[in-house]
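Hi everyone, thanks for making time this morning. I'd like to walk you through a structure, so please pull up the view and follow along with me.

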Amino acid sequence: MMGPGWYLRRLSRMGPAEVVGRARHAVVQRQWRSELPTPPLWPAHPRFTAVLPAGVVGKVSGEAASRLLATADELMAGRAEFFGVVRSDFAAPDWFLDPKTGRRAPSELYAFDVPYRSEDTVGDIKQIWEPSRHQHLTVLAAAYALTGTPAYAARVASHLRSWWAENPPLRGPHWVSGIELGIRLLSWVWTRRLLDGWDGAGELFEDNPDFQLQLWHHQNWLATLRSHGSSANNHVIAEDAGLLAAACAFGWFPESAGWRASAMRSLDLQLGRNTFPSGLNAELASEYHGLVLELGLAAAVEADAAGTPVPDTTWDVLLRMTDALASIVDNRLRPPRQGDADDGFGLIVDGTETDRWASLLATGEVLFGRPAWWPPVPGDDVRTALLASLASRTPRASGARPAQRPAHLRDAGMTILRSGRIWARCDGGPHGFLSIAAHAHADALSVEVRHDGVDILADPGTFCYHGEPQWRSYFRSTLGHNTLELGGRDQSVSGGPFLWTRHAVTKVLTVETPPTGASRWTAAHDGYAPAAHRRTVELDGTVLKIIDEVLGEGGAAGRLAFHFGPSVTVTLDGTTARLSWPAPLGATGTASGAFGAAASGSASAGVSDPLVGRVSGSLAAGGGGVRSAVMELPPELSWIAHRGETEPPLGWYSAGFGRKEPSTTLVGSGTPGHLTTLLRFS
């Protein structure tokens, strides 16, 4: 639970308008405690008309269908995985159970009394919330649409009836957070659409009083308690997307037209605010770029199909986001691992082995077309065919698009250096979004380097949000990134797990990315004022040079960290580190769904062997031989290899939320002045 100090720090990051808005929300919540709002009368014979065009399902490729059905059959067998925890009870799940801790959240409490941040009381709330996004039901419904097998539809009906019965309006943990309600509504829209043709669809949805009650209360909640102020990040996008989609597809209430209009206005406004002009998501957290893009596309397409006007500005933002994604991915279509990541998806109708990022780019290609500089995209997924079929009647955005692949996204401070198979991300952007920068890490001037899609210098990831404060602090700390720590403290000051009270200010000084020859980037930040940390990264062929300088007053002891991906074996000899790793297979890396067994976004072979002497890591069979590099470290510092340490944490890699594995971290300690690091790829 959060103490008084946290509430004071959180209050200090709010403006007057937000304080007033939160007070209004508190009044509403008190009113709802004593008396639930009353839904209007349900129309006598509502009809669901937001169906897929005829023949669309037949356009799904055999490979995409096979991946989908493999995932659906695992779900039918009662097996699912959420954040690294495998569940075998998913034939009839307990909607309040956290299988990680064994705790069960209170189901009868008034929603806003549930202490969801307390793992001791409710368990890991992410483990409880995730299945109730009902994205496994859209997978089962898609399996029905592809095969016509009634068992898939019957399982969907069983889960929905169970959930509706056990989660009456405003009771229990599933009514606390707007993002959960918004994503759940989007899942219900697509579940009903994909079950069209099943004999029981009408009885389950439009003729079902339980669904009617749930649908109205979900939409009324979102229309009344929309996130705002310092919380208007990806949460408000999910809230608006869910409200808009439901009001379009299930537009049967007197309020539906007003909900559609207000949700469309808010979504248009918030997409603009949450997106840099370059197209990158303003939270500077790569996975949230994917989440917001998925939500925005699904909502805009839903409105378009329903005849609700979608502003050109909405399509333009989605176009820019799609181009930005295409500009930053590596040669395996993996985006950076910057900032927080919680494996959140907006809409899932594919199997877990479908590549999320390739799917997003494939959808963007169909909706917007592809510039010549885009990377090749497989385009072999279920979602693209379904979404595109709903939006085919409206011309897409016609805004100006980059003539060549952007290397420097100035407003976001992200620079991508490329040379052959080498990809390097340099971080010179703002600390985070809005006053609390909720999903930011203290990672100014960090670098992330891959070779043919394999993490060499890795961003370690996120691992957790609630319940494990030591791990939360480590994974978002300065020492937990490939950058320089001074005086044993982070560059930015944390006030809580989703709160930063002081933000380091970073400025990019020079960027040179010529078509041929060396690329160069220089930036500095003030997080250690009066001292300043300035870093230059140069990529010339197969050699990456990093120069770190501490300027101005200071002279504090420093630690320079380099974190390696889990498939990299590191042999440290003095100031020379020899690296080797399995060459990746030729296929594009996969990204798991929210309930899949694959590690989301990981293209590395996992290892868990202990550190032995100065050799850290192990070589797993990659099917393509072994690759290598040599790293020459600054001799001014004393270097030690760390791996899988817990007191305090050091030497870890999180491939996805809730999962971590040992990896090698080299830390050089001393008094930094002018430090040069060379990474030479063989």
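Let's begin with E6 and E7, which pair in the antiparallel sense over three bridges. Before we go on, please keep in mind that this is a predicted model. In this pair, Arg450 stands opposite Asp455 in E7. The hairpin of E6 and E7 has two residues between the strands, and Asp452 there takes a positive phi near 55°.

Now look to the other neighbour. Strand E5, residues 422-427, runs antiparallel to strand E6, residues 447-451, and five bridges join them. Two partner pairs are easy to find: Trp423 has Arg450 in E6 as its bridge partner, and Arg425 has Glu448 in E6. So that we all have the background, strands of a sheet pair through backbone hydrogen bonds, either parallel or antiparallel.

How many of the five residues of E6 are buried? The answer is five of five, so the strand is mostly covered, with buried meaning under 20% relative accessible area. A general reminder helps here: in a regular strand the side chains alternate between the two faces of the sheet. In E6, Val447, Val449 and His451 are on one side, Glu448 and Arg450 are on the other, and all of them are buried. Both faces of E6 are covered, then, and the charged-looking names in that list are no exception to the burial.

Let's zoom out to the whole sheet. Five strands form an open sheet in the order E3-E4-E5-E6-E7, and the pairing is antiparallel. Strand E3 (408-409) and strand E7 (454-457) stand at the edges with a single partner strand each, so one side of each is left without a neighbour in the sheet. Helix H14, residues 312-328, packs on this sheet. H14 touches E3, strand E4 (414-419) and E5, and its direction makes about 40° with that of E4.

H14 also takes us to the next helix. The buried residues of H12 pack against H14, as well as against helix H10 (209-224), helix H11 (234-249) and helix H13 (286-306). Which residues of H12 are buried? They are Ser256, Trp259, Ser262, Ala263, Met264, Ser266, Leu267, Gln270 and Leu271. If you are tracing that list by eye, remember that an α-helix has 3.6 residues a turn, so residues three or four places apart point the same way. There is a nice length check too: at 1.5 Å a residue, the 18 residues of H12 (256-273) should span 26 Å, and the end C-alpha atoms are 25 Å apart, which agrees.

Next, a helix pair. The axes of helix H8 (residues 178-194) and helix H16 (residues 382-391) come within 14 Å and cross at roughly 90°. H8 and H16 are therefore roughly perpendicular to each other. At the contact, Trp190, Arg193 and Leu194 in H8 meet Leu386, Leu387 and Leu390 in H16. Those residues divide into five nonpolar, no polar and one charged.

There is another sheet to show you. Four strands make an open sheet in the order E8-E15-E25-E20, with antiparallel pairing. Strand E8 (484-486) and strand E20 (638-643) are the edge strands, and each pairs on one side only. From one strand to the next, the twist averages 25°. E20 and strand E25 (residues 664-670) run antiparallel and are joined by six bridges. Trp639 stands opposite Gly668 in E25.

Last, some unusual backbone spots. Most residues other than glycine have a negative phi, and most peptide bonds are trans. Phe83 has a positive phi of about 55° although it is not a glycine, and its place is in the loop between strand E1 (80-82) and strand E2 (85-87). Is Phe83 buried or exposed? At 3% relative accessibility, Phe83 counts as buried. His134 has a positive phi as well, near 60°, in the loop between helix H5 (125-129) and helix H6 (135-147). At 0% relative accessibility, His134 counts as buried.

And the cis bonds: the peptide bond from Ala529 to Pro530 is cis, with omega near 15°. Pro530 is in the loop between strand E12 (519-525) and strand E13 (532-540). A cis peptide bond also joins Glu647 and Pro648, with omega about -5°, and Pro648 is in the loop between strand E21 (645-646) and strand E22 (649-650).

Note on methods: Residues are numbered from 1 along each chain as its sequence is written. This is a predicted model: local features need pLDDT of at least 70, side-chain atom pairs count only at pLDDT 80 or more; totals for chains, interfaces and linings use all residues. Side-chain values use heavy atoms; hydrogens and water are left out. Axes are lines fitted to C-alpha atoms, for helices over the stretch in contact, and angles run from 0 to 180 degrees between N-to-C directions. Angles under 35 degrees count as roughly parallel, over 145 as roughly antiparallel, 65 to 115 as roughly perpendicular and the rest as oblique. Contact means heavy atoms within 4.5 Å. Ala, Val, Leu, Ile, Met, Phe, Trp, Tyr, Cys and Pro count as nonpolar, Asp, Glu, Lys and Arg as charged, and the others, Gly among them, as polar. Two strands pair if DSSP finds at least two bridges between them. The expected span of a helix is 1.5 Å times one less than its number of residues. Buried means under 20% relative accessible area, exposed over 50%, partly exposed in between (1.4 Å probe, protein chains only).
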